[in-house]
Amino acid sequence: MKRVAWLMALVLLGAGLLAGPAAGQTYSFAVEAETVDVYWQADGTASVAYQLTFRNDPFADPIDYVDVGAPTDCYSLSGVSASVNGVPLSDITSSPYVTPGVAVGLGADAIRPGESGTVAVTLSGVCNMMYEAGDAGMVSVNFSPTFFDSSFVQGTTDLTVTFHLPPGVQPEEPRWHGAPGGFPSEPS
C-alpha cells in the first residue's frame, strides 16, 4: 500500500514538473519611454503612432508579443503597421487581451531577457475620435494613450503625447480643457 502511494506521489510530482513550464510565461519589464503622435486629419480620422521602448527584466521570458490599445474600435487591421528596432513586422492581429487593440508578434526579434528594444506601432484611419463641442463649429477629442498592466510593468515611463492638428488650423484656434489631477494644466 505504501509502495502504491509512493509511486502515485512520484507520478503526480513528475506530471507537475512537466506541466510547470507550460503553465504560463513570466512577463516583467519597464516601459522606459512611450512617445505618441496623433495626426488629426481634416476628414475627422486620425493616425496614432506609438514608439515604445521596453527594458525586459533579466529573469523574465522574452517579450514576444506587444498588445497596444486602440482609441476606438473604428479602425482596420489593414491600416496597422509595426516594427521592432526598425525591422518591419507582419504578425499583426486583434488583441485577445486589449479591447479594442492589436497584438503585434515580434517573432525572431523578440526582446530577450535583460535587453531593451523599441516597438513602433501605427494605427491609420482611426475614426470616431472627434465629437461635436458645445461651441458652434468646434470639435472635441478625448484621447488616452495605451498602457500596460501593473502586474507586468514596473518603474517610471517618460511619456510624451503630441497632437498634430489638421492643415489649416491656426495656432490661436485650439482650446485646452483642464485635465484630471496629476497632469499639466496647460499645454506645452
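Here is a short chat about a disulfide, a threonine and a pocket in a predicted model.

Biologist: What makes Cys74 and Cys127 a disulfide?

Modeller: Their sulfur atoms are 1.6 Å apart, and the cut-off is within 2.5 Å, so the pair counts as a disulfide. By this rule the count comes to one disulfide.

Biologist: Where in the chain do the two partners sit?

Modeller: Cys74 is in the loop between S3 and strand S4, and Cys127 is in the loop between strand S8 and strand S9. With their positions 53 residues apart, the pair links distant parts of the chain.

Biologist: Okay, on to Thr72, in the loop between S3 and S4. Why is Thr72 called buried?

Modeller: Buried means under 20% relative accessible area. Thr72 comes in at 11%, so it counts as buried.

Biologist: And which residues does Thr72 touch, leaving out those up to four places away in sequence?

Modeller: Pro100, Val126, Cys127, Asn128 and Met129. So one half of the disulfide, Cys127, is on that list. As for the other half, the side chain of Thr72 reaches the backbone nitrogen of Cys74 at 3.1 Å. The limit for a polar contact is 3.5 Å, so that distance fits.

Biologist: Now the second largest pocket, at about 480 Å³. How do the residues of its lining divide into nonpolar, polar and charged?

Modeller: There are 13 nonpolar, no polar and two charged. Tyr27, Tyr65, Asp67, Tyr97 and Phe152 lie nearest the centre. Tyr counts as nonpolar and Asp as charged.

Biologist: Which strand gives the most to that lining?

Modeller: Strand S3, residues 65–69, with three residues.

Terms used:
Residues are numbered from 1 along each chain as its sequence is written. This is a predicted model: local features need pLDDT of at least 70, side-chain atom pairs count only at pLDDT 80 or more; totals for chains, interfaces and linings use all residues. Side-chain values use heavy atoms; hydrogens and water are left out. On a 1 Å grid over the protein atoms alone, a cavity is a set of points where a 1.4 Å probe fits but cannot get out, and a pocket is an open set with protein on both sides within 12 Å along at least five of seven lines; lining residues have an atom within 4 Å of a point. Grid points are joined across faces, edges and corners, and a volume is the space filled by probe spheres set on the points. Helices (H or I, at least four residues) and strands (E, at least two) are DSSP runs, numbered from the N terminus. Buried means under 20% relative accessible area, exposed over 50%, partly exposed in between (1.4 Å probe, protein chains only). A polar contact is a pair of N or O atoms within 3.5 Å; within protein, one must be able to donate a hydrogen and the other to accept it, and residues adjacent in sequence count only if both atoms are side-chain atoms. Contact means heavy atoms within 4.5 Å.
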